[in-house]
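Reader: I would like a close look at a single part of this model, with the helix packing and the charged pairs taken together. Please go through it in one connected account.

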Amino acid sequence: MLNDVRVNGAGGRGAERAVGERSAATAGGVAGGSRSDPELVERPRRRRFSAEYKLRILREAEACTELGGVGALLRREGLYSSHLTEWRRQRDRGALEALGRPRGRPKPNPLEAEVERLRRRLERTEAELAKAHKVIEVQGKVSALLGVLLEPGGATPTESSAR
């Protein structure tokens, strides 16, 4: 009976493991692990069709006059009839021209980035200049105050303390 279990693949060393747990021998089968894991499904990619392709398929579908011609076209291209319906709506409202443009945000103008960088630099420089003007003003006031105190007829420490 033990041989029957191993031949059928219903038992063996890996049979007593938990559901998601596998050993190296049962997981890869090959030492390099070159085979993909059959339990992991590759994430499907959404198909994207260019505006030129959509218009070409719509022209071909409208040119089909024989019975079953549109179905043969759809099978050949791997499309659904709902694709044709949606693409006709887009064509009728002029959306296919918009689909021909690249997706995403438009690229920023490099001159605008340069202007913004220079504007920030100007603001920093003006702030530093205002700070320097305040320092010069304070230095002038200190110099004037010291000049009054050091004059021969100016205030002396003994006079100011006597008051």
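Author: What follows takes one helix and its two partners in turn, then the charged side chains, and then two further places.

The model is a predicted one, and the account begins with helix α3, which spans residues 51–63. The axis of α3 and the axis of helix α4, made of residues 69–77, come within 9 Å and cross at roughly 150 degrees. Because angles over 145 degrees count as roughly antiparallel, α3 is roughly antiparallel to α4. On the α3 side this contact is made by Y53, R56, I57, E60 and A61, and on the α4 side by V70, L73, R76 and E77.

The second partner is helix α5, residues 81–92. The axes of α3 and α5 come within 10 Å, with a crossing angle of roughly 110 degrees, and since the range from 65 to 115 degrees counts as roughly perpendicular, α3 is described as roughly perpendicular to α5. Here Y53, K54, L55, I57, L58, A61 and E62 of α3 meet L84, W87, R88, Q90 and R91 of α5. Y53, I57 and A61 therefore appear in the contact with α4 as well as in the contact with α5, as the contact criterion of heavy atoms within 4.5 Å allows.

The charged residues can now be placed on this arrangement. Side chains of opposite charge can pair when their charged atoms come close. A search of the whole structure finds 10 salt bridges, and one of them joins E60 to R56, with the closest N and O atoms 2.9 Å apart. Both residues lie in α3, 4 residues apart, which is about one turn of the helix. E60 counts as partly exposed at 24% relative accessibility, and R56 is likewise partly exposed, with a relative accessible area of 34%.

Across the contact, in α4, R76 forms a salt bridge with E77, the closest N and O atoms being 3.3 Å apart. R76 counts as exposed at 55% relative accessibility, whereas E77 is partly exposed, with a relative accessible area of 23%.

Helix α5 has a pair of its own, in which R89 forms a salt bridge with E86 and the closest N and O atoms are 3.7 Å apart. R89 and E86 are 3 residues apart in α5, so about one helical turn separates them. Both count as partly exposed, R89 at 49% relative accessibility and E86 at 30%. Salt bridges that share partners join R56, E60, R76 and E77 into one network, and these four residues are also listed in the contact between α3 and α4.

Two further places complete the view. In α5 there is also H83, which is buried, because its relative accessible area of 18% falls under the 20% limit. Leaving aside residues up to four places away in sequence, H83 touches R47 and F49.

The other place is in helix α7, residues 110–150, where L149 is found. L149 is partly exposed, with a relative accessible area of 43%, and together with V138, V142, L145, L146 and L150 it makes a nonpolar surface patch of about 600 Å².

Key:
Residues are numbered from 1 along each chain as its sequence is written. This is a predicted model: local features need pLDDT of at least 70, side-chain atom pairs count only at pLDDT 80 or more; totals for chains, interfaces and linings use all residues. Side-chain values use heavy atoms; hydrogens and water are left out. Patches are made of residues with over 30% relative accessible area and no salt bridge: like charges are joined within 9 Å, nonpolar side chains (Val, Leu, Ile, Met, Phe, Trp, Tyr) within 5 Å. Accessible areas come from the Shrake-Rupley method with a 1.4 Å probe; for residues, only the protein chains shown count as cover. A salt bridge is a side-chain nitrogen of Lys or Arg within 4 Å of a carboxyl oxygen of Asp or Glu. Helices (H or I, at least four residues) and strands (E, at least two) are DSSP runs, numbered from the N terminus. Buried means under 20% relative accessible area, exposed over 50%, partly exposed in between (1.4 Å probe, protein chains only). Axes are lines fitted to C-alpha atoms, for helices over the stretch in contact, and angles run from 0 to 180 degrees between N-to-C directions. Angles under 35 degrees count as roughly parallel, over 145 as roughly antiparallel, 65 to 115 as roughly perpendicular and the rest as oblique.
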